[in-house]
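Visitor: I'd like to know how the labels on a model like this one get earned. Can we take them one at a time?

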Amino acid sequence: MKIVICDDCMEDLVQVERLLQKYEKNANSKFEVETFSDASKVYHKVLQHELADIYILDMIMPQKSGIDIGSLLEKNGKSVVIYITSSNEFALEAYGVHAARYLLKPVSDAVFGEAMDYAVSQIRMNQNVLSQDIRYPVKTKEGLVSVSYSDIVYIENAARALEVHRTDGSSVRSIFIRKSFDEEIKEIAEDRNFIRVHKSFLVNMNYIQSLMSGLCQMEDGRSIPVSKTRAADVKREYLHFVSEQYR
């Protein structure tokens, strides 16, 4: 999950960073964080569709205000905004761009933690909805078959064809693939529910029963090999995924 912090006051910027670090520790989470003291740089990134999940913004900044950035983000509709400011003068404007929270400086750990809990829950809810709605297209001999992400247990590179294994025990086999397996699964591999456990296997973590030495045991009894080069990363990512599901 990516977070952007923007405040033209360096002292306040550092303080928000500290609050976020405390939140990460208490929530046992790790975020990708970018900090900015120049709001125009954040505004430009949003214009270029270089988006974060959560934005923690000061309200009053030169050149571009927090409201300017929030208004631009509202058109995207996927990011969550938390405003932190020294004045309540712009509260109505903040909620006018559907900000998640409007916090007055100085911000306590508890108040910041509650705002982050809400923002993170909103992002996760959006991600779950997207995962349920998105479908993976498979070119088969019979034509194009679309499989919902939530119905995919794992995808296998089987003799230069994609074998998409579904939750009902069936599978969809593609025609001969001319691209590499990496290219074929590039888009779905970016979904937070999926993890590459082997050069030939992409697994949906929702259906992992357990991880063992060199194996990924699925809930339906199927065993997927985990390569030695990926084992440590797979274990770390899966434990992080599970901790997020049950916090």
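Guide: Sure, and let's start with the second largest pocket of this predicted model. Its volume is about 450 Å³.

Visitor: What makes it a pocket and not a cavity?

Guide: A cavity is a set of points where a 1.4 Å probe fits but cannot get out, while a pocket is an open set with protein on both sides within 12 Å along at least five of seven lines. The space of about 450 Å³ is listed as a pocket, so it counts as an open set.

Visitor: Which residues are closest to its centre?

Guide: Of the 21 lining residues, those are Y136, P137, K139, K179 and E184.

Visitor: Which element gives the most to that lining?

Guide: β6, with five residues. β6 (135–140), α6 (181–184) and α7 (186–189) each supply at least two.

Visitor: What is the lining like by class?

Guide: There are twelve nonpolar, one polar and eight charged residues. Tyr and Pro count as nonpolar and Lys and Glu as charged, so among the residues closest to the centre, Y136 and P137 go with the nonpolar class, and K139, K179 and E184 with the charged one.

Visitor: Now the closed spaces. How many cavities of 30 Å³ or more does the count give?

Guide: One. The largest cavity has a volume of about 70 Å³, so it passes that 30 Å³ cut-off.

Visitor: What makes V4 or Y55 a lining residue there?

Guide: A lining residue has an atom within 4 Å of a point. V4 and Y55 are listed in the lining, along with others including K2, E34, F36 and L51, so each has an atom within that distance. β1 (2–6), β2 (32–36) and α2 (39–47) each give two or more residues, and the largest share, three residues, comes from α2. By class, this lining has seven nonpolar, no polar and four charged residues.

Visitor: How do you know that β8 and β12 pair?

Guide: Pairing takes at least two bridges found by DSSP. Three bridges join β8 (residues 152–157) to β12 (residues 201–204), so the two strands pair. They run antiparallel, and the bridge partner of I155 in β12 is L202.

Visitor: Where do those strands sit in their sheet, and why are β10 and β11 called edge strands?

Guide: The order is β10-β9-β8-β12-β11, an open sheet of five strands with antiparallel pairing. β10 (171–173) and β11 (194–198) are the edge strands because each pairs on one side only. From one strand to the next, the twist averages 20 degrees.

Methods: Residues are numbered from 1 along each chain as its sequence is written. This is a predicted model: local features need pLDDT of at least 70, side-chain atom pairs count only at pLDDT 80 or more; totals for chains, interfaces and linings use all residues. Side-chain values use heavy atoms; hydrogens and water are left out. On a 1 Å grid over the protein atoms alone, a cavity is a set of points where a 1.4 Å probe fits but cannot get out, and a pocket is an open set with protein on both sides within 12 Å along at least five of seven lines; lining residues have an atom within 4 Å of a point. Grid points are joined across faces, edges and corners, and a volume is the space filled by probe spheres set on the points. Helices (H or I, at least four residues) and strands (E, at least two) are DSSP runs, numbered from the N terminus. Axes are lines fitted to C-alpha atoms, for helices over the stretch in contact, and angles run from 0 to 180 degrees between N-to-C directions.
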